[in-house]
Amino acid sequence: MGLVRRDHQPAEAKAAPPVETLLRQLDDPDPDCRREAALGLDGVAEAVPELLARVGPETASTVRDALLTTLAAHDTAEVAEALAVHLASDEADLRTAVAEALATMPGSMPAIVPRLLEDPDHDVRVMTAMVLADLAHPGSLTWLADMIRQDPHPNVVTAAVDALLPSLGPEHTELLRDAVRRFPDDPFLRFTVEAAVG
């Protein structure tokens with residue numbers, strides 16, 4: 001998945017279609033038409049419910065990326081909450097695409113991180129670690145450290161360790177070694193930590 005970079009339109013570019021036209025195009029059988037409509041609805045708050053409703057059912061990755069690009073730009077609690085639901089999806093591509101979009105929403109994501117860290121589905125917590133790896137927020141490293149220190153599932157701890165690696169410092173060495181001691185029978189976690197801190 002990749003969020004879509006918008007091209008800057010020259011001043012003489014033709015006017016965008018009306019919002020009503022773009023909303024109808026979201027249901028067009030042509031994926032290119034749906035993609036253009038999703039991008040054309042950038043900044044249109046009234047279109048948010050329609051865009052959110054199409055993220056899950058959309059089958060074309062290019063259209064889904066366009067939907068997520070436009071939605072992430074809103075960076076509101078409504079959008080973050082609605083997108084976070086897909087972190088529990090059975091579809092790996094959808095989970096990953098949504099995680100990448102949420103990571104670009106530093107304004108609204110921090111409010112829902114505590115709830116996601118307590119989600120009973122450990123796969124949701126794994127995806128939350130992926131979001132935190134790229135979320136530009138001063139609390140991200142603290143949340144990842146808390147996951148490593150407290151989460152009861154080794155896969156979540158390993159995901160948090162992996163997410164922390166680019167920012168790893170000497171102050172994290174004991175934190176990672178403690179994680180290995182908490183899960184002595186998990187070879188992947190041990191390998192990840194040993195590769196990071198020796």
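1. A residue is called buried when its relative accessible area is under 20%, exposed when that area is over 50%, and partly exposed in between. In this predicted model, R190 has a relative accessible area of 34% and is therefore partly exposed, since that value lies between the two cut-offs. The residue is found in helix α12, and, leaving aside residues up to four places away in sequence, R190 touches V180 and P184. For a sense of its placement in the chain, the C-alpha atoms of R190 and L52 are separated by 40 Å, the two residues being 138 residues apart along the chain.

2. D75 falls in the loop between α4 (61-74) and α5 (77-84), and its backbone deserves a look, because phi of this residue is near 50°, a positive value in a residue other than glycine. The relative accessible area of D75 is 22%, so the residue counts as partly exposed, given that buried would require a value under 20%.

3. Helix α10 (residues 154-164) is mostly covered, with eight of its 11 residues buried. The buried residues are V156, V157, T158, A159, A160, V161, A163 and L164, and they pack against α8 (122-134), α9, α11 (173-182) and α12 (187-197). Helix α12, one of these partners, is also the helix in which R190 is found.

4. Towards the other end of the numbering, helix α2 (residues 31-40) has C33, R34, A37, A38 and L39 among its residues, and these five are buried. As a general point, an α-helix has 3.6 residues a turn, so residues three or four places apart point the same way. The buried residues of α2 pack against α1 (19-25), α3 (48-55) and α4. At the start of α2, a side-chain oxygen of D30 reaches to within 2.9 Å of the backbone nitrogen of D32.

5. The second largest pocket holds about 190 Å³ of space, and its lining is made up of L117, E118, D119, R125, W143, D146, M147, Q150, D151 and P152. By class, these lining residues divide into five charged, four nonpolar and one polar. Helix α9 (residues 140-150) gives the most to the lining, with four residues, and α9 is also one of the helices against which the buried residues of α10 pack.

Note on methods. Residues are numbered from 1 along each chain as its sequence is written. This is a predicted model: local features need pLDDT of at least 70, side-chain atom pairs count only at pLDDT 80 or more; totals for chains, interfaces and linings use all residues. Side-chain values use heavy atoms; hydrogens and water are left out. On a 1 Å grid over the protein atoms alone, a cavity is a set of points where a 1.4 Å probe fits but cannot get out, and a pocket is an open set with protein on both sides within 12 Å along at least five of seven lines; lining residues have an atom within 4 Å of a point. Grid points are joined across faces, edges and corners, and a volume is the space filled by probe spheres set on the points. Helices (H or I, at least four residues) and strands (E, at least two) are DSSP runs, numbered from the N terminus. Ala, Val, Leu, Ile, Met, Phe, Trp, Tyr, Cys and Pro count as nonpolar, Asp, Glu, Lys and Arg as charged, and the others, Gly among them, as polar. Buried means under 20% relative accessible area, exposed over 50%, partly exposed in between (1.4 Å probe, protein chains only). Contact means heavy atoms within 4.5 Å. A polar contact is a pair of N or O atoms within 3.5 Å; within protein, one must be able to donate a hydrogen and the other to accept it, and residues adjacent in sequence count only if both atoms are side-chain atoms.
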